[in-house]
Amino acid sequence: MAYKFFYLYLAGGILALIWFIYKLMFLTSPVNFGVVVLYLIPVIILFYLAYKVYHEKKDSEIM
């Protein structure tokens with residue numbers, strides 16, 4: 001993965017997290033587990049990709 005996508009993944013993860021918190025605060029219907037998981041999947045994936053790209057660059061600098 002290219003390091004240039006690190007900031008894109010990080011910004012996307014932060015925006016997805018803000019969207020998730022907004023949906024939880026202002027959701028009119030009762031909160032169920034399926035909805036929470038549905039909104040958390042993009043957050044987890046984007047933060048994981050940012051973590052992976054960051055550590056890939058850090059490991060390549062060491063070698």
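**Entry 1. Overall fold**

Helices here are DSSP runs of H or I with at least four residues, and strands are E runs of at least two. With that rule in hand, I counted the elements of the chain: 2 helices and 0 strands. I note at the outset that this is a predicted model.

I then looked up burial. The chain has 63 residues, and 16% of them count as buried. The exposed area of the chain is about 5,000 Å². Carbon and sulfur atoms supply 74% of that area.

Next I checked how contacts are spread along the sequence. I took contacts between residues at least 6 apart, and 74% of these join residues at least 24 apart.

**Entry 2. Pairs across the sequence**

I looked up three pairs of residues by their C-alpha atoms.

I began with L8, which sits in helix α1. Is L8 buried or exposed? Its relative accessible area is 54%, and exposed means over 50%, so L8 is exposed. I found A50 at 8.2 Å from L8, C-alpha to C-alpha, with their positions 42 residues apart in sequence.

I went on to Y48, a residue of helix α2. I read a relative accessible area of 47% for Y48, which makes this residue partly exposed. How far apart in space are Y48 and G13? Their C-alpha atoms are 8.9 Å apart, while the two residues are 35 apart in sequence.

The last pair starts from K52, also placed in helix α2. K52 has 37% relative accessibility and counts as partly exposed. I paired K52 with Y3, 49 residues away along the chain. The separation of their C-alpha atoms is 9.7 Å.

**Entry 3. Nonpolar patch**

I turned to the surface. Which residues make the nonpolar patch of about 650 Å²? I listed L17, W19, I21, Y22, M25 and F26.

I took I21 as an example. I21 belongs to helix α1, which covers residues 6-26. Its relative accessible area is 41%. Buried means under 20% and exposed over 50%, so I21 is partly exposed. Patch residues need over 30% relative accessible area, and I21 at 41% therefore meets that cut-off.

**Entry 4. Cavity**

I then looked inside. Rolling a probe the size of a water molecule over the atoms shows where empty space is left. How many cavities of 30 Å³ or more are there? I counted 1. The largest cavity holds about 30 Å³ of space.

I wrote down the lining of the largest cavity: F20, K23, L24, L27, V35, V36 and Y39. Which elements give two or more residues to this lining? They are α1 and α2, the latter running over residues 33-62.

Conventions
Residues are numbered from 1 along each chain as its sequence is written. This is a predicted model: local features need pLDDT of at least 70, side-chain atom pairs count only at pLDDT 80 or more; totals for chains, interfaces and linings use all residues. Side-chain values use heavy atoms; hydrogens and water are left out. Buried means under 20% relative accessible area, exposed over 50%, partly exposed in between (1.4 Å probe, protein chains only). Contact means heavy atoms within 4.5 Å. Accessible areas come from the Shrake-Rupley method with a 1.4 Å probe; for residues, only the protein chains shown count as cover. Patches are made of residues with over 30% relative accessible area and no salt bridge: like charges are joined within 9 Å, nonpolar side chains (Val, Leu, Ile, Met, Phe, Trp, Tyr) within 5 Å. A salt bridge is a side-chain nitrogen of Lys or Arg within 4 Å of a carboxyl oxygen of Asp or Glu. On a 1 Å grid over the protein atoms alone, a cavity is a set of points where a 1.4 Å probe fits but cannot get out, and a pocket is an open set with protein on both sides within 12 Å along at least five of seven lines; lining residues have an atom within 4 Å of a point. Grid points are joined across faces, edges and corners, and a volume is the space filled by probe spheres set on the points.
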